[in-house]
Amino acid sequence: MKKLFLILTVVLLVVCPVFCLGSSENGKNADNTLTIATSPDFPPFESLNNGKPEGIEIDILDLICKELGKELKIEQMDFDSVLPGVQAGKYDVGVSGISITEQRKKNVLFTEPYCLAAQAIVVPEKSKIKSKADLDGKKVSVQSGTTAESFCMANGYDVSSYAANSDAEAAVVFGKVDAWVIDDLTAADMVKVYNASAGVKLVILDEAMTSEPYAFAFKKGNDTLVAQVNSVLVKLVSDGTVAKIFEKYDAPYTSPVK
């Protein structure tokens, strides 16, 4: 009897890592879901519609999940919690218009880029700021944890950081800062909405602050999952599906493929 118990114990120890933990590299996805972390205050990439997240990246990931036979699960949070949550393995994918940077590549894995974006400069209509050069010595608002924040800080601007883009926008509207730096497509969307009902209009300068590629972020070690996502994402970019999704949200599209 003891011998039989010992044999069963050994069998369970061998089998359980395969069937109890699932097939993914870090134990996630055992329930066949793809859990994304996002800050849904970043239209047209993510925003809330009656409390439900929607947008360009949600549509792209929904198509990827359907192709891979996975269920998309969305977790909402402030942007500066997205990448740390992915690094800690709490979520499979980090999204919210995340730019690929060398610093971020040290901490997370990125998919292939799906579009190119730029950091726009937003100012009040009658502002004397007409170009990037005019920002010297001026105060700028940004969203915490973004490349806009890191770029502005690295280049010596007087930076005020906010958890939500709506607060960064309010800072320039009420004169707490001189300019607001934000991704160009989100700037276009938010400024259009604001100007439709505001007295003091906002304008987006023609000169961009920076240009950068957008992609999805994964925990290091999840190479197989990234490869699976890439196999679908690259196809969606090359066959024009991603461009059509941008068109759906009335957003201009710049392909990362030359």
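How exposed is Y253: buried, partly exposed or exposed? In this predicted model, Y253 counts as partly exposed, at 23% relative accessibility. The cut-off for buried is under 20%, so Y253 falls outside the buried class at 23%.

## Aromatic residues

Y253 has an aromatic partner, F246. The two rings lie 4.7 Å apart, centre to centre. Their planes are at 50° to each other, and the pair is tilted. F246 is buried, with a relative accessible area of 0%. The pair therefore joins a buried residue, F246, to a partly exposed one, Y253.

A search of the whole structure gives 7 aromatic pairs. One aromatic cluster takes in F42, F45, Y114, Y214, F216, F246 and Y253.

## The largest nonpolar core

In soluble globular proteins, nonpolar side chains tend to be buried together. Here the largest nonpolar core has 33 residues. Those that touch the most other members are F45, I60, I64, Y114, F216 and F246. Several elements give two or more residues to this core. The strands are β1 (33–38), β5 (93–99), β7 (115–124) and β12 (210–219). The helices are α2 (56–68), α8 (223–238) and α9 (241–248). Helix α8 supplies the largest share, 7 residues.

I60 shows how parts of the chain meet. Setting aside residues up to four places away in sequence, I60 touches Y114, F216, L233, L236, V242 and I245.

## A second core

A separate core holds 14 residues. Among them are V142, Y157, V159 and V181.

## Around P124

P124 sits in strand β7. V203 is 79 residues away from P124 in sequence. In space, their C-alpha atoms are 6.1 Å apart. With neighbours within four places in sequence left aside, P124 is in contact with V172, D178, K201, L202 and V203.

## The largest pocket

The largest pocket encloses about 150 Å³ of space. What kinds of residue line the largest pocket, by class? The lining has 7 nonpolar residues, 3 charged residues and no polar ones.

P44, L185, A188, D189, K192, V193, Y249, D250, A251 and P252 form this lining. The charged residues in the list are D189, K192 and D250.

How values were computed: Residues numbered from 1 in each chain as written. Predicted model: local features only at pLDDT ≥ 70, side-chain atom pairs only at ≥ 80, totals over all residues. Heavy atoms only, no water. 1 Å grid on protein atoms, 1.4 Å probe; cavity = no way out; pocket = protein on both sides within 12 Å on 5 of 7 lines; lining within 4 Å. Points joined across faces, edges and corners; volume = space filled by probe spheres on them. Core = buried A, V, L, I, M, F, W, Y, C linked by side-chain atoms within 4.5 Å. Buried < 20%, exposed > 50% of the residue type's maximum accessible area, 1.4 Å probe, protein only. Helix = DSSP H or I, 4+ residues; strand = E, 2+ residues; numbered from the N terminus. Contact = heavy atoms within 4.5 Å. Phe/Tyr/Trp six-rings, centres within 6.5 Å; stacked < 30°, edge-to-face > 60°.
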